[in-house]
Amino acid sequence: MSASRSSGVADAIGPEEGPGPEGAVLLAALLDGMDAALCAFDAGGTVTHWNREAERILGWSAAEAVGRRGFAGWAVRSADAEDVQRRLMSAMDAPGRQVHEFALLRKDGGRVLVRTQSSGVRGPDGAPAGVYCAFSEVHAQIDLERSIALSEALLDDASWGVVLVDVDLRPTVVNSYAARTLGAGRTALLGRPLGELIVQGVEELQGALQHVLAEGAPPAPAELWVTVRTAEGDRRRCWRSGFLRLVSPLAEEPVPLGVGWLFRDVTEAKLAEQEADRLRFRSNQLHRAARQAAECQDPMEAATSSLDYALAGFADHVLVDVFAGERLVRAAATPSDAPGPCLPVSGGSIPVRYAAGHPALQAVERTGAVRTSARAGAGQTWALERQWPGDAVHALCVVLRSRGRTLGVVTFLRAANRSAFERPDALYAESVAARVATAVDLAQLTGRDAL
């Protein structure tokens with residue numbers, strides 16, 4: 001065969017009578033098909049095998065290499081030949097594999113640094129019969145080691161999540177960061193549908209993974225909002241995600257193996273960014289409301305104008321109740337059945353008969369803000385019992401105070417498509433109420449109020 005002679009090491013590999021014609025052809029094909037360069041020496045140090053990868057690296061063909069004794073005079077410098085030969089052949093008597101680095105000579109005279117792995121070969125009688133040596137260029141080996149090291153680091157200690165999913169979109173590898181973020185152990189996540197881990201937002205994630213499998217990686221990271229089921233309960237999170245399509249390097253045509261999904265939890269940063277945007281918008285609305293109110297000759301018009309600006313992006317309805325003696329009367333409101341501006345009640349103010357414990361009365365009693373929401377499944381009953389528009393689900397009542405006196409209450413209402421009022425919302429509502437209270441007080445002083 002072209003890549004070896006059928007003696008020495010070949011006899012040790014095959015049966016006593018040699019590998020035979022078919023075995024020799026198969027052995028040659030196996031050797032030539034290897035990705036690593038391979039050569040072998042018999043017990044006397046003569047080259048017996050030389051595959052095509054060895055020819056590619058050094059330029060010497062099998063016909064030129066097989067039969068030579070050692071590398072001296074052709075594949076290594078004369079000054080290094082004895083040391084190289086000694087170190088290679090020492091593997092014949094040593095257990096296991098030996099790893100060395102040598103500078104070998106190419107046929108064109110160039111030098112190439114290779115890393116070798118050598119092992120001894122035993123004959124049928126157990127006696128040393130030779131050495132086989134696999135080698136590759138050091139830079140290629142280092143690149144491989146870097147790739148392996150990178151993979152291990154990503155899948156263990158990376159400061160972002162790494163999840164490998166198969167073509168059925170089930171996790172096959174999960175690193176520590178991803179396991180913590182998903183709220184389960186690394187092994188417990190393997191093979192489970194993503195829908196068991198993510199309560200909301202799984203459709204968007206699966207859509208992104210399917211797109212990557214079909215079309216390849218997107219050009220930029222995507223931000224996905226999801227709700228994750230954990231032992232502590234459901235948590236709303238934002239993940240900045242990147243995707244890589246994984247294909248087999250061994251197939252003639254690209255065959256998808258799955259998707260590499262890399263992500264970081266950026267929830268806190270996104271919430272801070274949203275809060276900054278919200279504060280910027282609300283500050284701008286307060287500024288615009290103040291400028292508009294300054295142009296109003298009627299103080300009550302200034303009050304309702306301020307509430308119109310406050311409603312934008314904040315609430316669906318607003319009600320203004322002011323004291324007339326000991327009673328609260330409805331002074332202004334937005335339409336109850338459709339969006340619209342806050343206007344004084346037509347035909348005069350209407351007394352409101354709030355039951356004891358009503359949130360508006362609680363705000364007056366506490367001289368502060370009161371937040372409340374309907375219980376699940378309450379329907380319109382909850383709102384109508386409190387004399388609010390039927391679609392109201394969340395309420396925020398803020399007292400109107402001016403010159404040390406309580407003038408009334410302003411109530412902001414949200415429908416079911418909005419979230420409940422929170423503490424920052426109450427602070428904003430108090431700022432609006434302070435401006436409204438000043439206008440209402442001026443209206444009462446000048447006799448131009450809506451009562």
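**A tour of the predicted model**

M300 sits in helix α10, which covers residues 299–311. Bear in mind that this is a predicted model.

Q: Is M300 buried, partly exposed or exposed?
A: Helix α10 (residues 299–311) is where you'll find M300. Its relative accessible area is 5%, and buried means under 20%. So M300 counts as buried.

Q: How far apart in space are M300 and Q200, C-alpha to C-alpha?
A: In sequence, M300 and Q200 are 100 residues apart. In space, going C-alpha to C-alpha, M300 and Q200 are separated by 45 Å.

Q: Which element gives the most residues to the largest nonpolar core?
A: That core has 34 residues, and L307, L400, V410 and F412 have the most contacts inside it. Elements giving two or more residues to this core are α10, β12 (317–324), β13, β17, β18 (405–414) and α13. With 10 residues, the one that gives the most is α13.

Q: Which residues of α13 does L400 touch, if we look past its neighbors up to four places away in sequence?
A: L400 is one of the residues with the most contacts inside the largest nonpolar core. Leaving out residues up to four places away in sequence, L400 touches V320, D321 and V322, and also the run R405, T406, L407, G408, V409 and V410. Helix α13 spans residues 423–446, and the rest of the L400 list is A433, V436 and A437.

Q: How many residues are in the second, separate core?
A: This one includes V66, M89, M92 and C133. It stands apart from the largest core. Its count is 29 residues.

Q: Are α9 and α13 roughly parallel or roughly antiparallel?
A: The axes of α9 (residues 267–294) and α13 (residues 423–446) come within 11 Å and cross at roughly 5 degrees. Angles under 35 degrees count as roughly parallel. That makes α9 and α13 roughly parallel.

Q: How many charged residues does the contact of α9 with α13 have?
A: On the α9 side, the contact is made by E275, R282, Q285, L286 and A290. On the α13 side, P424, D425, Y428, S431, V432 and R435 take part. By class there are 5 nonpolar and 2 polar residues, and the charged ones number 4.

Q: Which residue of β5 stands opposite V121?
A: Strand β4 (residues 111–122) pairs with β5 in the antiparallel sense over 9 bridges. The hairpin of β4 and β5 has 5 residues between the strands, and G126 there takes a positive phi near 85 degrees. Across from V121, the β5 residue is G130.

Q: Which residue of β5 stands opposite A37?
A: Strand β5 (residues 128–137) is mostly covered, with 7 of its 10 residues buried. It pairs with β1 (residues 37–42) in the antiparallel sense over 6 bridges. Opposite A37 you'll find F135.

Q: What is the relative accessible area of T334?
A: T334 is in the loop between β13 (327–333) and β14 (343–344). Beyond residues up to four places away in sequence, T334 touches L311, D316, H317, V318, G340, P341 and C342. T334 is buried, with a relative accessible area of 6%.

Q: What is the phi of T367?
A: T367 lies in the loop between α11 (359–366) and β16 (369–373). T367 is partly exposed at 42% relative accessible area. Although T367 is not a glycine, its phi is positive, at about 55 degrees.

How values were computed. Residues are numbered from 1 along each chain as its sequence is written. This is a predicted model: local features need pLDDT of at least 70, side-chain atom pairs count only at pLDDT 80 or more; totals for chains, interfaces and linings use all residues. Side-chain values use heavy atoms; hydrogens and water are left out. Helices (H or I, at least four residues) and strands (E, at least two) are DSSP runs, numbered from the N terminus. Buried means under 20% relative accessible area, exposed over 50%, partly exposed in between (1.4 Å probe, protein chains only). Contact means heavy atoms within 4.5 Å. Axes are lines fitted to C-alpha atoms, for helices over the stretch in contact, and angles run from 0 to 180 degrees between N-to-C directions. Angles under 35 degrees count as roughly parallel, over 145 as roughly antiparallel, 65 to 115 as roughly perpendicular and the rest as oblique. Ala, Val, Leu, Ile, Met, Phe, Trp, Tyr, Cys and Pro count as nonpolar, Asp, Glu, Lys and Arg as charged, and the others, Gly among them, as polar. A nonpolar core is a set of buried Ala, Val, Leu, Ile, Met, Phe, Trp, Tyr and Cys residues joined through side-chain atoms within 4.5 Å. Two strands pair if DSSP finds at least two bridges between them.
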